[in-house]
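Biologist: I would like to learn how to read a model like this one, feature by feature. Could you walk me through it?

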Amino acid sequence: MHENEELRGWGESTASRSLVHRVEGTAQLAELLVTAGGRGETVAFRGGGRSYGDAALNTGGAIVELGRLDRILEFDSTEGIVRVEPGVTIAALWRMSIAHGFWPYVVPGTMHVTIGGALSMNIHGKNQYKVGSFGEYVRSFRLLTPAGEELRCSRTENADLFHAAIGGLGLLGCILEVELQLKRLSSGRMLVHARSVRDLGEAMQGLDSAQAESDYMVGWIDCYASGSRLGRGLLHMARHVPAQENPDPFLEPARQDVPGRAFGVVPLAWLWPGLWLTVHGRAMRWVNLAKFYAGIREASRPAYLQTHGAFHFLLDYVPGWKRALLPGGLLQFQPFVPKEQAHAVYTHILERCQREGLIPYLGVLKRHRPAPFLMSYYVDGYSLALDFSVTSSNRERLWKLCRELADHVLAHGGRFYYAKDSVLTAEQFRANHEPGAVEQFLALKARVDPKNVLQTDQWRRLTTPAKGSPLLARAG
């Protein structure tokens with residue numbers, strides 16, 4: 001089944017038209033890839049469609065949606081090892097596993113990411129500083145190349161492809177199955193406490209000092225605050241509750257989902273029109289101010305119990321929340337910066353945004369550590385995810401600003417995450433990785449995809465310099 005459709009990035013600020021194929025089996029998928037190669041056509045894979053920009057768009061080419069390959073094939077409830085198809089979502093995985101006392105080691109801010117997408121982007125959660133990235137818990141996977149060859153990849157078998165396909169943007173082949181290690185839970189709840197911070201330095205110091213005793217950490221930053229208050233905000237730290245401290249295990253899936261009502265009364269699905277008025281009424285400065293003072297009150301209270309679902313999946317709280325940002329959508333800019341440079345770099349970014357009058361309505365600060373994969377974007381430092389509201393009047397200025405800020409980040413040893421990227425250039429793509437990494441990736445791609453079938457709008461942007469021929473042509 002295929003149709004010509006308009007698809008959008010999750011941020012709603014990028015769109016394209018493609019011929020969309022919804023496959024239901026490996027044979028159909030292999031035939032589609034081989035046929036595309038014979039015709040000189042391009043193909044991109046799409047899972048849950050949660051990449052913010054153009055990573056799962058393919059203008060004028062084909063999109064293969066993998067959402068129907070969604071079977072949980074095998075689960076070892078003793079060891080917590082699961083084997084799944086690529087279209088299985090984080091939601092389906094945890095809802096199955098939690099009743100057996102297991103949870104994924106790494107989950108993002110939305111549960112509707114697919115396992116294939118999580119592997120291809122090597123996603124992270126609020127615990128990356130402690131347990132690492134998603135790929136570190138992948139035991140093996142089966143990869144279908146554009147030539148129709150199936151390969152098993154692990155740390156000992158096709159290890160070069162294993163370490164390149166994890167974080168490889170889906171450009172080396174289609175993930176058919178993934179074997180994943182889950183972690184054991186003693187409780188379905190965590191103990192969460194808040195800390196109000198007066199500025200960016202205190203926020204970073206707060207995350208550093210809480211690493212040892214926290215299983216998860218995340219910070220909210222008021223991007224409108226300036227001067228001595230620059231980077232003020234609220235940190236949330238959480239730790240697993242030992243079984244002896246929580247006699248009710250709370251492991252039933254129905255008790256883990258995000259709340260459906262605000263204050264137990266108002267359906268959360270009703271809130272997005274109010275958010276639309278807030279965004280378009282230029283009230284976000286005052287919303288951030290109110291959140292900061294509410295955070296001071298929260299931080300003065302004792303720690304509280306919260307379910308895993310409620311703590312992790314903040315992006316699933318308000319159904320349809322992205323409609324509040326239409327018609328322009330949002331652009332997320334998330335630089336990862338080494339700890340020695342982070343304070344100066346983030347100060348520069350926030351001050352520059354304020355001077356330009358392009359202030360992010362949301363800032364999220366996290367702590368990170370490096371990851372052992374070819375195209376890794378992780379550093380021993382921090383990330384600051386900045387969400388900008390896109391309008392017809394600010395779009396061109398916003399993209400220009402973010403590209404200039406990206407140059408500053410890369411010059412100070414920073415990196416960028418492709419699931420969030422909409423702006424990087426080909427020159428910035430090379431600077432985003434260790435010397436030789438891009439060349440090694442291009443050589444692997446030429447080996448498994450010699451006809452260059454697998455492409456996306458993002459890949460063409462990242463490999464086509466402003467002047468000259470594509471980088472891929474040089475790699476041949």
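Modeller: We will go from the whole chain down to single residues.
Modeller: This is a predicted model, in which local features need pLDDT of at least 70, side-chain atom pairs count only at pLDDT 80 or more, and totals for chains, interfaces and linings use all residues. Residues are numbered from 1 along each chain as its sequence is written, and side-chain values use heavy atoms, with hydrogens and water left out.

Biologist: How many helices and strands does the protein chain have?
Modeller: Helices (H or I, at least four residues) and strands (E, at least two) are DSSP runs, numbered from the N terminus. In the protein chain there are 15 helices and 21 strands.

Biologist: What does the radius of gyration say about the protein chain?
Modeller: The radius is taken over C-alpha atoms, and the globule rule is 2.2 Å times the number of residues to the power 0.38. For 476 residues a compact globule would come out near 23 Å, and the 22 Å of the protein chain agrees with that. The C-alpha trace spans about 65 × 55 × 40 Å along its principal axes.

Biologist: What share of the residues is buried?
Modeller: Buried means under 20% relative accessible area, exposed over 50%, and partly exposed in between (1.4 Å probe, protein chains only). Of the 476 residues in the protein chain, 58% are buried. Areas come from the Shrake-Rupley method with a 1.4 Å probe, and for residues only the protein chains shown count as cover. The accessible surface of the protein chain is about 19,200 Å², with 53% belonging to carbon and sulfur atoms.

Biologist: And what share of the contacts joins residues at least 24 apart?
Modeller: A contact means heavy atoms within 4.5 Å. Taking contacts between residues at least 6 apart in sequence, 72% join residues at least 24 apart.

Biologist: How many charged side chains of each sign are there?
Modeller: Lys and Arg count as positive and Asp and Glu as negative, while His and the chain ends are not counted. Each charge is placed at NZ of Lys, CZ of Arg, CG of Asp or CD of Glu. The protein chain has 53 positive and 47 negative side chains, and the centres of the two sets are 5 Å apart.

Biologist: Why is there no bond between cysteine 353 and cysteine 402?
Modeller: A disulfide is a covalent bond between the sulfur atoms of two cysteines. The cut-off used here is a pair of cysteine sulfur atoms within 2.5 Å. The closest cysteine sulfur to that of cysteine 353 is in cysteine 402, and at 6.7 Å it is too far for a bond. The structure holds zero disulfides. Cysteine 353 is buried, at 1% relative accessible area, and cysteine 402 is buried too, at 0%.

Biologist: Where should I look for backbone angles that catch the eye?
Modeller: Most residues other than glycine have a negative phi, and most peptide bonds are trans. Here, a cis peptide bond joins leucine 326 and proline 327, with omega about 10°. Proline 327 is in the loop between α9 (308-312) and β17 (330-333). Glutamate 12 has a positive phi of about 65° and lies in the loop between β1 (2-8) and β2 (15-22). Leucine 169 also has a positive phi, near 65°. Leucine 169 sits in the loop between α5 (159-165) and β10 (174-184) and is buried, with a relative accessible area of 11%.

Biologist: Is tryptophan 103 buried or exposed?
Modeller: Tryptophan 103 is buried, at 0% relative accessible area, and belongs to strand β7 (residues 102-104). Leaving out residues up to four places away in sequence, tryptophan 103 touches several others, including Trp94, Leu182, Tyr216 and Phe313.

Biologist: Which residues does tyrosine 417 touch?
Modeller: Beyond residues up to four places away in sequence, tyrosine 417 touches Met121, Ile123, His124, Gln334, Phe336 and Tyr377. Tyrosine 417 and phenylalanine 336 are 81 residues apart along the chain, yet their C-alpha atoms are separated by 8.0 Å. Tyrosine 417 lies in the loop between β21 (415-416) and α12 (426-431) and counts as buried, at 6% relative accessibility.

Biologist: Where is histidine 163 placed?
Modeller: Histidine 163 is in helix α5 and is partly exposed, with a relative accessible area of 24%. Among the residues that histidine 163 touches, not counting those up to four places away in sequence, are Arg155 and Phe373.
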